[in-house]
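Thank you all for making time this morning. I would like to take you through one model, moving from its enclosed space to its pockets and ligand, and then on to the sheet.

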Amino acid sequence: MRSIVVASGKGGVGKTTIAVNLAIALAQAGKKTVIFDADLPMADVGIFLGQESAPITLHDVLMGEVPLKDAIYEGPAGVMFVPSSLSLESYRAVDARKLAAAVGELEAFAEYVIVDSPPGLNKDVAAALACAEESLIVLTPDPPSLTDALKMKILAQKSKANPIGIVVNMVRGEKGEVSRKDIEAVMDLQVLAIIPEDPEVRRSALQQKPFMVRSPNCPASQAIRALAAQIMGEAGPAPEVPARRGFFARLFGFLKR
Ligand code: ADP
Ligand code: MG
């Protein structure tokens, strides 16, 4: 089983969107895949899947009340998911360190576990990172997101959630966006996918139906499918990055010292 946490640092960059749709892409490719909602404070996964009223959630499992298998549900395209509870009361009662043990139990059910994580660099994030052996770092192509992503990569390395690559999300192709080359130079990590800003993503969120299912050929879906292929090792290696460092790479060079 491979466990991959989708992490970012900054909130609102598309972690849950990517975790949910990547998991669906893996399921569509025939892999037994579970989405594990380790964003305990927000617990968005059920909402993104249009199934937010699960009677038993991860919270019940973490509080020792039910076995994990009772909190595994089936979502679109055969993807499985373990939702969190939406209640703030139950969030406060939970010991987040038990999260990692719960992911370990999914070995019996899954080939891939995609872990959604909260934003920030706090104890909730540390608990989510501890759930996985690999991490995908999501960022948007702007300097604040890049700075936070770099901190997240360091945190992931400390936590042994080996960073396997970067997903650049909400790319508009506008002047002033940080380039792929600069992102790779600053992060010292390969960009595995570039997901365009796509109106279909928001429409799908409003309808609570993931775009991988609703519009399998929209630009965002194509990018997520390519990401899934990279992760499964079915795509060729991403192109080499030229050695020359651009403006943002030089600007951010000091952060790594
Ligand atoms: P996070 O989990 O990092 O907080 P979300 O996945 O909840 O972020 O996404 C935040 C918002 O951005 C949502 O409204 C989502 O629909 C939107 N969004 C995410 N990715 C894209 C994209 N590629 N194009 C357009 N909107 C996007
Ligand atoms: Mg989220």
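**Cavity, pockets, ligand and sheet**

The lining of the largest cavity is made by Thr 17, Val 20, Asn 21, Phe 48, Val 201, Ser 204, Ala 205, Lys 209, Pro 210 and Phe 211. The elements that contribute two or more residues to this lining are H1 and H9. Please keep in mind throughout that this is a predicted model. The volume of this largest cavity comes to about 60 Å³, and the structure holds 1 cavity of 30 Å³ or more. Sorted by class, the residues that line the largest cavity are 6 nonpolar, 3 polar and 1 charged. As a general remark on how such spaces are found, a probe the size of a water molecule, rolled over the atoms, shows where empty space is left.

Let me turn from the enclosed space to the open ones. The largest pocket holds about 470 Å³ of space. Its lining consists of 26 residues, and those closest to the centre of the pocket are Gly 12, Gly 14, Thr 17, Phe 48 and Met 170. Helix H1, residues 15-28, strand S7, residues 162-171, strand S8, residues 191-196, and helix H9, residues 199-206, are the elements that each give two or more residues to that lining. In terms of class, 13 of the lining residues are nonpolar, 7 are polar and 6 are charged. Thr 17 and Phe 48, which we met in the lining of the cavity, are thus named again here among the residues closest to the centre of the largest pocket.

The second largest pocket has about 180 Å³ of space. Lining it are Lys 10, Gly 12, Val 13, Thr 140, Pro 141, Asp 142, Met 170, Arg 172, Glu 174, Glu 177 and Glu 197. What is the class make-up of the lining of the second largest pocket? It has 3 nonpolar, 2 polar and 6 charged residues.

Now to the ligand. There are 16 residues around ligand 1, and the ones that come nearest are Gly 12, Lys 15, Thr 16, Thr 17 and Asn 169. For Thr 16, a polar atom of the side chain lies 2.9 Å from an oxygen atom of ligand 1. For Thr 17, an N or O atom of the side chain is 2.6 Å from an oxygen atom of the ligand. A nitrogen atom of ligand 1, in turn, lies 2.9 Å from a backbone N or O atom of Pro 196.

The sheet comes next. It is an open sheet of 8 strands with mixed pairing, and its order reads S3-S4-S2-S5-S1-S6-S7-S8. Strand S3, residues 73-74, and S8 are the edge strands, each of which pairs on one side only.

Within that order I would like to dwell on S1, residues 2-7, where 5 of the 6 residues are buried, so that the strand is largely enclosed by the rest of the structure. S1 runs parallel to strand S5, residues 112-116, and 5 bridges join the two, with Arg 2 standing opposite Tyr 112 in S5. S1 also pairs with strand S6, residues 134-139, in the parallel sense and over 4 bridges, and here Val 6 has Leu 136 as its bridge partner in S6.

S6 itself is mostly covered, as 6 of its 6 residues are buried. In a regular strand, side chains alternate between the two faces of the sheet. How, then, are the faces of S6 occupied? Glu 134, Leu 136 and Val 138 are on one side, Ser 135, Ile 137 and Leu 139 are on the other, and all are buried, which leaves both faces covered. S6 is joined to S7 by 6 bridges, and these two strands run parallel. Leu 136 stands opposite Gly 165 in S7, while Glu 134 stands opposite Asn 162 in S7.

I will finish with two helices. Thr 147 has its place in helix H7, residues 143-158, and is it buried or exposed? Its relative accessibility is 18%, so Thr 147 counts as buried, the cut-off being under 20%. A polar atom of the Thr 147 side chain lies 2.8 Å from the backbone oxygen of Pro 143. In helix H8, residues 180-187, the buried residues include Asp 182, Ile 183, Glu 184, Val 186 and Met 187. After H8 comes Asp 188, which has a positive phi, near 55°.

Terms used. Residues are numbered from 1 along each chain as its sequence is written. Chains are lettered from A and ligands numbered from 1 in the order in which they are written. This is a predicted model: local features need pLDDT of at least 70, side-chain atom pairs count only at pLDDT 80 or more; totals for chains, interfaces and linings use all residues. Side-chain values use heavy atoms; hydrogens and water are left out. Buried means under 20% relative accessible area, exposed over 50%, partly exposed in between (1.4 Å probe, protein chains only). Two strands pair if DSSP finds at least two bridges between them. A polar contact is a pair of N or O atoms within 3.5 Å; within protein, one must be able to donate a hydrogen and the other to accept it, and residues adjacent in sequence count only if both atoms are side-chain atoms. On a 1 Å grid over the protein atoms alone, a cavity is a set of points where a 1.4 Å probe fits but cannot get out, and a pocket is an open set with protein on both sides within 12 Å along at least five of seven lines; lining residues have an atom within 4 Å of a point. Grid points are joined across faces, edges and corners, and a volume is the space filled by probe spheres set on the points. Ala, Val, Leu, Ile, Met, Phe, Trp, Tyr, Cys and Pro count as nonpolar, Asp, Glu, Lys and Arg as charged, and the others, Gly among them, as polar. A residue is near a molecule or strand if one of its heavy atoms lies within 4 Å of it.
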